[in-house]
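Student: I would like to learn how to read a metal site, a nonpolar core and a pocket from a set of coordinates. Could we work through one example together?

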Amino acid sequence: MYDLIGDVHGHASELKDLLIKMDYRQENGTWVHPEGRKVIFLGDFVDRGPEQIETVNIARNMVENGKALAVMGNHEFNAVAWATEDPKNPGDYLRPHIEKNLHQHQAFLDQVGEGSDLHQTMIEWFKTLPVYLELPELRVVHACWHPEHLATIDRYTDSENCLLSEAWEQASREGAEAYEAIETLLKGLEIPLPRDHCFLDKYNHKRTNIRTKWWQQGELTYRDLAMVPGDAIDQIPHEPVASHILPGYDGKKPVFVGHYWMKGEPAPLNEHIACLDYSVAGDAGGKLCAYRFTGETTLRKQNFEWVANSR
Ligand SMILES: [Mn+2]
């Protein structure tokens, strides 16, 4: 069975503490479980934290020795796009080297050494990460399980759900269907606010789209669904959202995501969906979180395990 681990973001010390807490131990340099349990990493190994190289090495080593599975997070996707020249515009990159993108990626580039052999090796490994996992007992994707976008991305991936080498360009090109699919699957579902509604984000930028709690069910308003910073929630209208806008979830098996910087005491989002990102790279109170899956069809709060951010 599986132990699923949320976004590590370069916090290798907490990762090792969490593995130890779940009875994993090192054997010949690889973390293994005495009963043969396997880890599933939900992506976002890099950016932000202090030990990004060690984090990737631990995960990669487990994957290559058959002790773990892993999916791609938006930060690995971005890392590849940052390092990949745009075939249509030589000298430019699939992820533009603008200040905002550099700022988000600077700690990784500093730790790995931009353009080094180590950097290249990591990029090559990130490219092997599947976009999602559909296992007999459970499903995994970094941000949003969205059947239509999953069907789209299947046309751009191989039998292991890895992006084809020629698909990276499409997946990085705003407006392309592969781009829209990757945006939703790895970064979450965004929807436009109705009519002329907008809100101001923390930089006072006018926004007309909101990130959504896509896992919510029933009759919902824009305000029920919105994930917006701080006070901005007051600017989101209490108007009903048409039901076809949300993907819904069939509940056939549990689905695990990361990505959402949750706070507080870890618990399932509902009986079939769990988020395991509890902000280990965030402020005080952040946790690195896991879920110990034992084959159940209804998720249980008591199966969550975590360690506190050790800073
Ligand atoms: Mn993420």
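Tutor: We will take the metal site, then the core, then a pocket, keeping in mind that this is a predicted model.

Student: Which residues coordinate the manganese ion, and at what range of distances?

Tutor: One starts from the donor atoms, which are N, O and S atoms within 2.8 Å of the metal. Here the manganese ion is coordinated by Asp44 through OD, Asn74 through OD1, His142 through NE2 and His259 through ND1, at 2.1 to 2.3 Å. Along the chain these donors follow the spacing D-x29-N-x67-H-x116-H. His142 sits in the loop between strand E7 (139-141) and helix H6 (147-153), while His259 sits in the loop between strand E13 (255-257) and strand E14 (273-275), so the pair ties together parts that are 117 residues apart in sequence.

Student: Are His142 and His259 buried or exposed?

Tutor: Both His142 and His259 are buried.

Student: Which residues touch the most other members of the largest nonpolar core?

Tutor: In soluble globular proteins, nonpolar side chains tend to be buried together. In this case the largest nonpolar core has 97 residues, and those touching the most other members are Leu4, Ile5, Phe41, Phe126, Leu163 and Phe256. This core draws at least three residues from each of domain 1 (2-187 + 249-308) and domain 2 (190-246). Among the residues that Phe256 touches are Leu4, Val141, Ala274 and Phe293.

Student: What is the volume of the second largest pocket, and which residues are closest to its centre?

Tutor: A pocket can be read through its volume and its lining. The second largest pocket has a volume of about 290 Å³, and of its 16 lining residues Leu69, Thr128, Pro130, Leu133 and Glu160 are the closest to its centre. The largest share of the lining, three residues, comes from E6.

Terms used:
Residues numbered from 1 in each chain as written. Predicted model: local features only at pLDDT ≥ 70, side-chain atom pairs only at ≥ 80, totals over all residues. Heavy atoms only, no water. Donors = N, O, S within 2.8 Å, 3.2 Å for Na, K, Ca; no water. Helix = DSSP H or I, 4+ residues; strand = E, 2+ residues; numbered from the N terminus. Buried < 20%, exposed > 50% of the residue type's maximum accessible area, 1.4 Å probe, protein only. Core = buried A, V, L, I, M, F, W, Y, C linked by side-chain atoms within 4.5 Å. Domains from an automatic or database assignment. Contact = heavy atoms within 4.5 Å. 1 Å grid on protein atoms, 1.4 Å probe; cavity = no way out; pocket = protein on both sides within 12 Å on 5 of 7 lines; lining within 4 Å. Points joined across faces, edges and corners; volume = space filled by probe spheres on them. Lists of a residue's contacts leave out its neighbours within four places in sequence.
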